[in-house]
Amino acid sequence: MFRCFTMRNHFLFLFGLLAFSCKNGTEKTSQDNEVEKSLSTGQVKLVYDTIKAFTNSTEFSIAVINGDDTKYYGGRWKKDTIEHVDNSEHLFEVGSITKVFTATILASLVVEEKIKLKDPIQKYLDFNLKTDEEITFEQLANHTSGLSWIPSNLDLYEYPENPYKTYDQNKLKKYLTDNHELKSQPGKDYAYSNLGAAVLGFVMTEITESSFEELLHDKIFKEYGMSNSTTDRAKINGKIVPGLNPEGKEISNWDFLAIAPAAAAISSVEDLVKFANAQFNSNDKTLVLTQQPTFNANDQFKVGLGWHILDKNNVELIWHNGGTGGYSSSMALDLNNRQAVIVLSNVSTFHPQKGNIDQLCFALMATLEKNE
């Protein structure tokens, strides 16, 4: 099965995650002194060793938040050396981190009392789903809806370089009315679902009579000052970092259409820092709602609205990652200590070492916990 997003591939990895181990020695560049002014020696070593596992032209954009202090690092692996790149404003496909945005839109509608989390989505649709089971907004946002990973009428092999480019809302509607099938009873089991996020976004656009891009702009990007973030590549003026396939060759960006609420966002580490800092505001009712556990998988893993809530070494983190054909990302936050790490890259989600992106994110978080 063609895998387009990282959670399904690396889910078990989260619970056995150990401290990131590094190669002996740190490769130096002419710009090391500049880098080390922003990152600690240990953090630089983690970043360098991670980049060196990938091909030339691999680029990382990283932010480390520790209270009121934010440090940025941009690095590119080029001709067997690592060059420092000022890329905090450069754009990457962030993949499934989009699901956090989609869930945040949901939370805003709940706070505005336009819908309730426990409302069945059928209540807001002008057509009947092919199921007698009720599916709620909350279940779509926490991956307990019983929906499959992707809709059965989506052929990922048809356009492998751009697998979602023809899957529009008409096809999604047809699936829901004619092909809809639940894998489990809603609310019973966690099963990561791009389809669930797509359906959630679709229903919210129907309720608000807005496009998904309009909802993102009005509810999130404008609200939190994320001026460079979008799902519309026509708006980004060439600032997007080229995506790479597993062999390190540039590839085209993905088009998502009806699956946009699951993975279509394009953002920068600078914009995601703004979103992360907003998460620390306990007076923001919308964001606080997304952070609350809505389903307990086990003692170490819970799900909020969009966010996955991890207990790692007795430290609670909210986290999400993302991946598309040319990009991988990971974002973790410690709300109690106002700490966060954001890692964006043009590493393909199909790269065999893709898991290193999550490892780097968690390893950098560990340096903050240890004050390294």
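Here are three short exercises on the empty spaces in this predicted model.

**Exercise 1.** Work out what the largest pocket is lined by and which helix gives the most to its lining.

*Solution.* Start with the space itself: the largest pocket holds about 360 Å³. Next, look at the walls, where you'll find 22 lining residues. Go to the centre, and the residues lying nearest are Thr231, Phe256, Leu257, Ala260 and Ala264. Now bring in the helices: helix 7 (194–208), helix 8 (212–221) and helix 9 (260–263) each supply at least two lining residues. Helix 7 gives the most, with 5 residues. Finally, sort the lining by class: 11 nonpolar, 6 polar and 5 charged.

**Exercise 2.** Find the cavities of 30 Å³ or more in the whole structure, then describe the lining of the largest cavity.

*Solution.* The search turns up 2 such cavities. The largest cavity comes in at about 50 Å³. Its lining is made of Lys99, Thr102, Ala103, Leu140, Ala141, His143, Ala197, Leu200 and Gly306. Helix 4 (98–111), helix 5 (137–141) and helix 7 each give two or more of these residues, and helix 4 gives the most, with 3. By class, that's 5 nonpolar, 3 polar and 1 charged.

**Exercise 3.** Do the same for the second largest cavity: which residues line it, and how do they divide by class?

*Solution.* The space in the second largest cavity is about 40 Å³. Around it sit Phe54, Thr55, Thr58, Leu244, Asn245, Asn346, Val347, Ser348 and His351. Sort these and you get 3 nonpolar and 6 polar residues, with no charged ones.

How values were computed:
Residues numbered from 1 in each chain as written. Predicted model: local features only at pLDDT ≥ 70, side-chain atom pairs only at ≥ 80, totals over all residues. Heavy atoms only, no water. 1 Å grid on protein atoms, 1.4 Å probe; cavity = no way out; pocket = protein on both sides within 12 Å on 5 of 7 lines; lining within 4 Å. Points joined across faces, edges and corners; volume = space filled by probe spheres on them. Helix = DSSP H or I, 4+ residues; strand = E, 2+ residues; numbered from the N terminus. Nonpolar A, V, L, I, M, F, W, Y, C, P; charged D, E, K, R; others polar.
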